[in-house]
Amino acid sequence: MGPQTSFDFIVVGAGMAGVSAGYFLSQHGRVLVLEMESHAGYHTSGRSAALFTEAFASPLFCALSTGSKKFLMTPPDRFAQDKIMTPRGAVLVGRADQQASLDELYEKTSQISPTIEFLTLDRVLDLVPVLNSEGLAGGVFDQDAMAINVNELLQGFIRGIRQNGGELRPDEEVLGLSISGNGWTVTTGKQTYQTEIVVNAAGAWSDVLAERAGAAPLGLVPQRRTAILFDAPEEFNVREWPICMDVDEQYYFKPEGGALMGCLMDQTPMSPCDVQPDEMDIAMTVDRIQNATTMNIRRIVKSWAGLRTSVEDQVPVVGFDQTVPGFFWLAGQGGFGIQTAPAMGQVAAALATRSALPAEFEDLGIDALAMSPKRLQNS
Ligand SMILES: Cc1cc2nc3c(=O)[nH]c(=O)nc-3n(C[C@H](O)[C@H](O)[C@H](O)COP(=O)(O)OP(=O)(O)OC[C@H]3O[C@@H](n4cnc5c(N)ncnc54)[C@H](O)[C@@H]3O)c2cc1C
């Protein structure tokens, strides 16, 4: 007997979106996740900063993060082999000429979280002693921000899919999708499959996949973001530092093992691709972090870039396509697709099985209609 070719749900893309949706869908039927690369998380999901913060997210992403927190803190039995969340903290800092940005941020975030603190210059320097004190005004501190073990989360979802009888098949790019009275025929370079429902979790390629299925693209824009890993100054124990970010999103740096990860917070629109960092952007990352601190970055251990993909209103797109039956969108998570994955996966599974959202999600203000592709397809 050959491999099974008929499934209740076929999920395209084994990034965090695809495997989280696959995990919750596998509780309802047979799931196949198809991934064009040799392993899950090869693209954006394997290139993130792995941060969880509710306070520094937009209201809907904040609600989706809060809806994900319980799962991330106390995942189901046998889901993970190690803990997923570790306390980290996040401080957004500003100079005197950025005081208005700091005030505005504090005003906004302290309404979301009672533990948000406005830090004086001295307290900021206690937390991140390498900051250049000259001209620095202070910071807004989210002590509840956490570091996410992204690989543990990704592998937990994949393990769960398998435990529920589902499969992940790497090295299979979905090249063709056609619908008939019998449902979808999904063609890869290796195999032809049948399913009732196709979940489009193709990240930066979601519009490309939609066109292969005969659906109209939604205007998803992948944006490049550049990161470096560099040697930490030897005189400090950087492992205890929070993530430190410029309040006007010019840079951030954070501990990564005994080294530091730095990011330019750039947003350069790109076509979907295996994105690589630009040399100028790497130089600019170094420059901005050196200007903001007393650090002299002597050695870059590695550099990389990832694509954060959004539609114009920066709200994720979750729901059935309005014109092509059985084609389900799960895209546009921008910079929050890791910390919101458990909730997004549950929302996707509820909507794809035409069930109600979990009651606690509605209480949090997670509005399925606000995320529907309908808002982008009716204009
Ligand atoms: C530098 C950086 C820092 C970030 N920091 C954070 C953070 O701290 N916290 C946070 O929550 N988020 C963060 N993000 C955002 C987060 O990484 C993304 O929102 C998330 O990874 C998106 O997941 P995805 O599954 O949609 O995309 P991807 O991980 O890109 O997955 C899509 C998958 O689809 C596959 N695919 C595409 N087309 C096909 C096809 N035709 N057939 C088969 N497979 C296909 C691709 O190969 C890919 O594996 C960051 C992103 C970047 C770049």
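This is a short talk about the ligand site, a cavity and a pocket in a predicted model.

Hi everyone, thanks for coming. Please keep in mind that the model is predicted.

Let's start with the ligand. Around the ligand there are 37 residues, and the ones that come nearest are Glu35, Ser45, Leu51, Gly334 and Gln339. If you sort that shell by class, you get 16 nonpolar residues, 13 polar ones and 8 charged ones.

Now, which backbone atoms sit opposite the ligand's oxygen atoms? Glycine 334 offers a polar backbone atom 2.8 Å from an oxygen of the ligand. For threonine 44, the distance from a polar backbone atom to a ligand oxygen is 3.2 Å. And at phenylalanine 336, a polar backbone atom is 3.5 Å from an oxygen of the ligand.

How much of the ligand does the protein bury? On its own the ligand would expose 1000 Å², and the protein buries 97% of that. As for secondary structure, three elements give two or more residues to the shell: helix H1 (16-25), helix H6 (206-212) and strand E18 (300-310).

Where does the ligand lie with respect to the domains? The shell takes residues from both domain 1 (6-76 + 149-219 + 313-377) and domain 2 (90-143 + 221-310), so the ligand lies between them.

On to the empty space. Rolling a probe the size of a water molecule over the atoms shows where such space is left. In this structure there is 1 cavity of 30 Å³ or more. The largest cavity holds about 40 Å³ of space. Its lining is made of His43, Thr44, Arg47, Ala204, Trp205, Cys273, Val275, Gly306 and Leu307. You may recall Thr44 from a moment ago, with its backbone atom 3.2 Å from a ligand oxygen. By class, the cavity lining comes to 5 nonpolar, 3 polar and 1 charged. Domain 1 and domain 2 each supply at least three of the lining residues.

Last stop: the second largest pocket, with a volume of about 600 Å³. Its lining has 25 residues, and Ala49, Ala50, Ile148, Lys254 and Glu256 lie nearest the centre. Strand E8 (146-148), strand E15 (252-256) and E18 each provide at least two residues of this lining. E18 also gives two or more residues to the shell around the ligand. The pocket lining divides into 10 nonpolar, 7 polar and 8 charged residues. And why does this pocket lie between the domains? Both domain 1 and domain 2 give residues to its lining, so that is where the pocket lies.

That's my tour, and I'm happy to take questions.

Methods:
Residues are numbered from 1 along each chain as its sequence is written. This is a predicted model: local features need pLDDT of at least 70, side-chain atom pairs count only at pLDDT 80 or more; totals for chains, interfaces and linings use all residues. Side-chain values use heavy atoms; hydrogens and water are left out. A residue is near a molecule or strand if one of its heavy atoms lies within 4 Å of it. A polar contact is a pair of N or O atoms within 3.5 Å; within protein, one must be able to donate a hydrogen and the other to accept it, and residues adjacent in sequence count only if both atoms are side-chain atoms. Accessible areas come from the Shrake-Rupley method with a 1.4 Å probe; for residues, only the protein chains shown count as cover. Helices (H or I, at least four residues) and strands (E, at least two) are DSSP runs, numbered from the N terminus. Ala, Val, Leu, Ile, Met, Phe, Trp, Tyr, Cys and Pro count as nonpolar, Asp, Glu, Lys and Arg as charged, and the others, Gly among them, as polar. Domain bounds come from an automatic or database domain assignment. On a 1 Å grid over the protein atoms alone, a cavity is a set of points where a 1.4 Å probe fits but cannot get out, and a pocket is an open set with protein on both sides within 12 Å along at least five of seven lines; lining residues have an atom within 4 Å of a point. Grid points are joined across faces, edges and corners, and a volume is the space filled by probe spheres set on the points.
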